[in-house]
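Visitor: Let us go through the terms one at a time. I will ask what justifies each.
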Amino acid sequence: MWKIAIVGFGNVSQGFLRILKDKKESLKERYNFEYSITAIADPVKGSVMNASGLDVDFLMELFDSEGNLKSHPNRTDLGSIDIIERSEADIIVETTITNLETGEPGLSHIKAALSAKKHVVSTNKGPVSVALPELAKLAKENHVEYLFEGVVLSGTPSINLAKEALAGCDIKKVMGIVNGTTNYILTRMEEGTSYEDALKKAQELGYAEADPTGDVEGWDAAVKAQVLANVIMGHQIKIEDVQRTGITQITQEDIKDAAKRGARIKLIAEVEKTNGTVKASVSPQEIPLSHPLANIMDATNALTFTTDHLGDVTIVGPGAGRVETGQALLTDILAIHRKYCKI
Ligand SMILES: NC(=O)c1ccc[n+]([C@@H]2O[C@H](COP(=O)([O-])OP(=O)(O)OC[C@H]3O[C@@H](n4cnc5c(N)ncnc54)[C@H](OP(=O)(O)O)[C@@H]3O)[C@@H](O)[C@H]2O)c1
């Protein structure tokens with residue numbers, strides 16, 4: 001029986017908890033995987049802890065009716081780090097907000113968990129971007145895993161695809177559409193909507209935040225390019241090393257001109273290995289309509305891996321969403337379950 005504690009009870013971990021609840025029987029039947037949730041740490045929504053296991057049905061009902069966990073009988077005022085250390089969990093699910101400058105608060109959570117010999121699964125891009133070598137070393141020293149499939153393409157396989165399914169191939173290049181918001185805006189612009197109106201629509205639909213800088217200036221895509229370079233190509237680059245241009249300068253004229261040339265403008269994250277070095281970039285590019293990436297529309301994401309044995313392999317799927325990103329956490333947990341086979 002795996003004991004799991006969740007840190008940060010926002011969209012993703014709510015989606016993840018719903019999957020665990022709905023799939024409880026099938027996870028046991030198919031994978032012999034059993035779990036109990038021993039804590040949820042979230043200072044604003046309310047933290048709860050019970051090392052013997054919380055009643056997930058009751059917890060979700062309470063959250064659905066009250067929007068927080070403050071009246072839960074197992075409510076605790078302990079801080080997130082104390083909860084990580086005292087929850088008796090084997091696996092910490094870290095889903096707090098991404099901070100690309102400091103990695104906090106996730107970085108401290110992950111360090112505390114790994115140091116206490118707890119596995120970590122996370123969708124938080126900040127700690128991966130800021131401190132992957134340090135965290136990977138800490139995990140290794142403590143004989144536990146630090147997995148983060150969901151940081152690129154949410155539950156659509158990307159890191160696992162490259163490391164597991166394409167094992168043995170040399171991956172020379174990865175290029176793709178890794179930010180749904182900008183692809184949504186470019187899709188609307190191609191239909192004749194102005195950049196401003198398309199951005200407004202993306203905000204209304206919840207794709208773009210009130211401050212859209214992270215998406216439209218390419219920061220979100222840049223961190224994903226950095227992660228792909230570090231994890232798949234094995235080169236430790238920093239986010240500042242990713243050459244970055246967003247979509248704010250793209251006009252409808254540019255889009256029409258590209259169409260005349262049989263192409264579409266897409267914001268492309270690209271990582272390429274040449275002569276032992278790795279170059280990573282994010283930029284709007286004209287992609288010929290014959291290329292699979294040209295036909296990825298709306299908020300969908302896609303990655304094309306250029307390999308020696310298979311040529312180009314393209315994966316297409318969602319890059320965000322509660323359940324979609326919760327699925328990435330489940331994949332990582334099942335990988336830990338398979339490896340450590342603890343029942
Ligand atoms: N949503 C997606 O589709 C998606 C896809 C891929 C990756 N991600 C990444 O996954 C992570 C979670 O995303 P999300 O959409 O679930 O974000 P979210 O809804 O904003 O959830 C983050 C949660 O973390 C809580 N939190 C903040 N500081 C904390 C602390 N010190 N201790 C414990 N909890 C804390 C927040 O609490 P308050 O809000 O109450 O302050 C919030 O409930 C982010 O890093 C995001 O970049 C998200």
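Guide: A residue counts as near a molecule if one of its heavy atoms lies within 4 Å of it. Note that this is a predicted model.

Visitor: How many residues surround the ligand, and which are the closest?
Guide: The ligand is surrounded by 25 residues. The closest are Asp-42, Lys-45, Thr-96, Thr-98 and Gly-321.

Visitor: What is the make-up of the shell around the ligand?
Guide: Nine of its residues are nonpolar, 13 polar and three charged. Gly counts as polar here.

Visitor: What makes the approach of Thr-96 to the ligand a polar contact?
Guide: A polar contact needs a pair of N or O atoms within 3.5 Å. A backbone N or O atom of Thr-96 is 2.7 Å from a ligand oxygen. The pair therefore qualifies. For Val-12, a polar backbone atom lies 2.8 Å from an oxygen atom of the ligand. For Asn-11, the distance from a backbone N or O atom to a ligand oxygen is 3.0 Å.

Visitor: How much of the ligand does the protein bury?
Guide: The protein buries 77% of the 890 Å² that the ligand exposes when taken alone.

Visitor: Where does the ligand sit?
Guide: In the largest pocket. To sit there, more than half of its atoms must lie within 2 Å of the pocket's grid points.

Visitor: Why are β9 and β13 called edge strands?
Guide: The open sheet has six strands, in the order β9-β11-β10-β8-β12-β13. β9 (243-244) and β13 (311-317) each pair on one side only.

Visitor: What makes β9 and β11 a pair?
Guide: Pairing needs at least two bridges. Two bridges join β9 to β11, so they pair. These two strands run parallel. Arg-244 has Val-282 of β11 as its bridge partner.

Conventions:
Residues are numbered from 1 along each chain as its sequence is written. This is a predicted model: local features need pLDDT of at least 70, side-chain atom pairs count only at pLDDT 80 or more; totals for chains, interfaces and linings use all residues. Side-chain values use heavy atoms; hydrogens and water are left out. A polar contact is a pair of N or O atoms within 3.5 Å; within protein, one must be able to donate a hydrogen and the other to accept it, and residues adjacent in sequence count only if both atoms are side-chain atoms. Accessible areas come from the Shrake-Rupley method with a 1.4 Å probe; for residues, only the protein chains shown count as cover. On a 1 Å grid over the protein atoms alone, a cavity is a set of points where a 1.4 Å probe fits but cannot get out, and a pocket is an open set with protein on both sides within 12 Å along at least five of seven lines; lining residues have an atom within 4 Å of a point. Helices (H or I, at least four residues) and strands (E, at least two) are DSSP runs, numbered from the N terminus.
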